[in-house]
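Subject: Structure for you to look at

Hello,

Here is the structure I promised to hand over. Please open it first, then read my notes below.

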Amino acid sequence: HGEFNQKIDYVFKLVLIGDAAVGKSQLLARFARNEFSVDSKATIGVEFQTRTLAINEKTIKAQIWDTAGQERYRAVTSAYYRGAVGAMLIYDITKRQSFDHVARWLEELRSHADRNIVIMLIGNKSDLGSLRAVPTEDAKEFAQRENLFFMETSALEATNVENAFQTGLTEIYGNVS
Ligand code: GDP
Ligand code: MG
């Protein structure tokens, strides 16, 4: 896998936030290990996963933190956000409520995280188009207003997952280099 003896230029901490069951852990499994599990249990234990990749010819180690079932309002601690240079704020395109809560997550993120944090709004489960409850346009407008990057993904079908993380990491790299 070529990761042996690799010189790491940057380590970037990213955090995943959003309501329970929107697919945070599966997006991470897809990005870090190219895996997906249908019966994924509520996240337990593991704090973060890493993947090393090349961005603009630099070797970047992405250290991605996943909530351990702390999705209740205000339950995510400031330690979780500490040092994060990027955040994926995820909702489920089939669950209107998970999108309605995005503003709340954003507020929490902005009160805890660094001012320059790169934020991606992610509408996950794009494979379930027939059950869609959040129009793409609504999310796009919200993202524009709040200065967020926006993308719809499917962890199940691996659609846009690589793209979303690459976009976020490239933007972060642009901020630090
Ligand atoms: P979390 O609580 O935000 O970490 O959500 P999980 O990653 O545990 O996913 C919750 C449920 O949604 C699980 O049953 C997953 O298999 C399912 N899921 C996650 N991502 C997708 C996706 O892109 N498409 C579909 N159809 N299901 C997904
Ligand atoms: Mg989880």
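Start with strand 3. Six of its eight residues are buried, so strand 3 counts as mostly covered. Keep in mind that this is a predicted model.

**The sheet**

Strand 3 belongs to an open sheet of six strands. The strand order is 2-3-1-4-5-6, and the pairing is mixed. Strand 2 (48–55) and strand 6 (149–152) are the edge strands, each paired on one side only. On average, neighbouring strands are turned by 25° against each other, direction ignored.

Strand 3 has a partner on either side in that order. With strand 2 the run is antiparallel, and eight bridges join the two. Look for F48, whose bridge partner in strand 3 is W65. With strand 1 the pairing is parallel, over six bridges. There, F12 stands opposite A62 of strand 3.

The hairpin of strand 2 and strand 3 has two residues between the strands. In this hairpin N56 takes a positive phi near 50°.

Now go to the other edge. Strand 5 (residues 118–124) and strand 6 run parallel, joined by four bridges. G123 stands opposite E152 in strand 6.

As background for viewing, side chains in a regular strand alternate between the two faces of the sheet.

**Helix 1**

Which strands does helix 1 touch where it packs on the sheet? The list is strand 1 (10–17), strand 2, strand 3 (58–65), strand 4 (86–92) and strand 5. The direction of helix 1 makes about 45° with that of strand 2.

Helix 1 is mostly covered, with nine of its ten residues buried. The buried ones are K24, S25, Q26, L27, L28, A29, R30, F31 and A32. They pack against strands 1 to 5 and also against helix 6.

How do helix 1 and helix 6 meet, and at what angle do their axes cross? The axes of helix 1 (residues 24–33) and helix 6 (residues 161–176) come within 10 Å and cross at roughly 80°. That makes the two helices roughly perpendicular. Helix 1 brings L27, R30 and F31 to the contact. Helix 6 brings V161, E162, F165 and L169. Five of the contact residues are nonpolar, two are charged and none is polar.

**The core**

The largest nonpolar core holds 52 residues. Which of them touch the most other members? They are M88, Y91, L109, L121 and L169. Helix 6 gives this core its largest share, six residues. One residue to click on is L121. Leaving out residues up to four places away in sequence, L121 touches L89, Y91, V102, A139, F142, A143, L148, F149, F150 and M151.

**Helix 4 and helix 5**

Helix 4 (residues 102–112) lies across strand 1, strand 4 and strand 5. Helix 4 runs at about 165° to strand 4.

Helix 5 (residues 136–146) includes K140. Is K140 buried or exposed? K140 is partly exposed, because its relative accessible area is 42%. K140 lies 84 residues from N56 in sequence. In space the two are 27 Å apart, C-alpha to C-alpha.

**Two backbone points in loops**

Most residues other than glycine have a negative phi. Two loop residues are worth a look on that account.

N34 follows helix 1, in the loop between helix 1 and strand 2. N34 is not a glycine, yet its phi is positive, about 55°. With 56% relative accessibility, N34 counts as exposed.

K125 sits in the loop between strand 5 and helix 5. Phi of K125 is near 75°, again positive in a residue other than glycine. K125 counts as partly exposed, because its relative accessibility is 22%.

**A short viewing order**

- Find the edge strands, strand 2 and strand 6.
- Show helix 1 on the sheet, with its nine buried residues.
- Turn to helix 6 and the crossing at roughly 80°.
- Select L121 and show the residues it touches, Y91 and F149 among them.
- Finish at N34 and K125 to see the positive phi values.

Best wishes

Notes
Residues numbered from 1 in each chain as written. Chains lettered and ligands numbered in written order. Predicted model: local features only at pLDDT ≥ 70, side-chain atom pairs only at ≥ 80, totals over all residues. Heavy atoms only, no water. Axes fitted to C-alpha atoms, helices over the stretch in contact; angles between N-to-C directions. Parallel < 35°, antiparallel > 145°, perpendicular 65-115°, else oblique. Contact = heavy atoms within 4.5 Å. Nonpolar A, V, L, I, M, F, W, Y, C, P; charged D, E, K, R; others polar. Core = buried A, V, L, I, M, F, W, Y, C linked by side-chain atoms within 4.5 Å. Buried < 20%, exposed > 50% of the residue type's maximum accessible area, 1.4 Å probe, protein only. Pairing = 2+ DSSP bridges.
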